[in-house]
Every structure is written in C-alpha cells, then in structure tokens.
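I opened this structure to see how its interior is built. I kept notes as I went.

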Amino acid sequence: MTDEALARACGVLRAGGVVAFPTETYYGLAVDPFNPAALSRLFALKGRSPDKPVLLIIENPSQLSGLVAEFPPPFTILMEKFWPGPLTLVFPGAESLPDLLTGYGGTIGVRVSSHPLARRLVRGFGRPITATSANFSGHPAAVVASDVLAQLGHGVDVVLDGGLTPGGQGSTLLGYQEGKVCLLRAGVVSFAEIQAVLAGAEKSNLFS
C-alpha cells in the first residue's frame, strides 16, 4: 500500500465512506465507528441486522480509553500474549458508544490486527475502525479483493488489495461473565491455548 493509497483511504473514512482492507483472517470493512451515517451505510451495505454488534480494530491498547467502561483483569494478560493477532476481546462498552455499534447490547469487541496493511490503515486514520467482514451477511467471507468486489461492488468506496488472506476461521471472541473468561465464538486462537495462558498467569499470581 503506497502512502498515496493510504492517504486516500483515510480521507474516505473521514468523509463517511467505506474501505475494504485485508486482515489476518478475512477482508474487512472499515468505517468511522463514531459517524452514525457511516455506520448506517455499513449495515445497509451488508444487509446486517441492527442487533448485531460491530467489531473494532485499534492501533494499540491506549485506544481502549473511551471505548470501554470496565477492564476485566484477565484481559491484560491476554492482550500481552495474543495482541497483535486474531483474538477479539468483548468489553463492557462506554455509555457514549453508538447503540448501532454495540448491537444495543452495551458491549464492544476489540482487537489489534497483526496484518501490516490493517495496522497501517488504523494508524493512518488515527482512531479505531470497524472490522466487520467484507461480505453480505450470511454469505461467504471474502479472502481476496475480487471477492469483495463480486459481492459488494460499488458499495465500497476503496478496496485495499493485500492479496490472499488466510481465510478459514475468524478471530476468536472472548467475553467476561460472572468473573470468568468465556468463549463467545471459536476462532483462530484455540480456547485451550487461552485457558493454558490464564492458568499459568494465575499460578504465577499475576492477577493479584
């Protein structure tokens, strides 16, 4: 991705547009998550139900400020171990978040992508971006740029072509309920590996 392409993509995001970009799993769709019109356009483009939340990609954990209301202690260990990477952590969301972003559920899923183009995009934009899969809801996720165009066509303003993405499983989704980390969606990072990391941290008294 050239500097000119990055600048154009960031300009599109600031103007309320939609950018498709590669991640470490599939191609995703980025809009400004704090622009209500852009969020509405994203949902209409995908044919997505408004009660389904939208995941975000951030540049680094400092951008969690303003996004989350609480910080479950085990998440610190998981961020250190698995970020950047395909692990999405679902936090209690800040009250200021748009309902359409949280699916009217009050939580927000966040990760730091390990894909270099995704990282450049969120860094260039300067704040979090959405990362919902670049496809019609219920249809196969896009693994190459041509898949995005075949499904969504001119509904996307810019497609950043990063070649073939891994596909397969999406990011693993973890929540925190009743004092425990719970698996919300199986993905690239196995829950067994996550449990092993948390067990090791507890044994080392890292939560105390």
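My notes cover the cores, the cysteines and one tyrosine.

**Entry: the cores.** I was working with a predicted model. I looked up the largest nonpolar core first and found 45 residues in it. Leu29, Leu78, Leu87 and Leu89 have the most contacts inside this core. Then I checked which elements give two or more residues to this core. Among them are strands E2 (27-30), E4 (87-92) and E5 (107-111). Helices also contribute, including H2 (36-46), H3 (73-82) and H7 (191-203). I also noted a second, separate core of 17 residues. That core includes Leu6, Cys10, Ala30 and Phe125.

**Entry: Leu87.** What does Leu87 touch, leaving out residues up to four places away in sequence? I listed Leu78, Phe82, Val110, Arg111, Ser171, Thr172, Leu174, Val189 and Ile194.

**Entry: the cysteines.** I looked for disulfides and counted zero. Are Cys10 and Cys182 buried or exposed? Cys10 is buried, because its relative accessible area of 3% falls under the 20% cut-off. Cys182 is buried too, at 17%.

**Entry: Tyr104.** I found Tyr104 in the loop between H4 and E5. Its relative accessible area is 56%. The cut-off for exposed is over 50%, so Tyr104 counts as exposed. Leaving aside neighbours within four places in sequence, Tyr104 is in contact with Pro50 and Asp99. I also checked Tyr104 against Leu184: they are 80 residues apart in sequence. In space they are 17 Å apart, C-alpha to C-alpha.

Definitions and conventions:
Residues are numbered from 1 along each chain as its sequence is written. This is a predicted model: local features need pLDDT of at least 70, side-chain atom pairs count only at pLDDT 80 or more; totals for chains, interfaces and linings use all residues. Side-chain values use heavy atoms; hydrogens and water are left out. A nonpolar core is a set of buried Ala, Val, Leu, Ile, Met, Phe, Trp, Tyr and Cys residues joined through side-chain atoms within 4.5 Å. Buried means under 20% relative accessible area, exposed over 50%, partly exposed in between (1.4 Å probe, protein chains only). Helices (H or I, at least four residues) and strands (E, at least two) are DSSP runs, numbered from the N terminus. Contact means heavy atoms within 4.5 Å. A disulfide is a pair of cysteine sulfur atoms within 2.5 Å.
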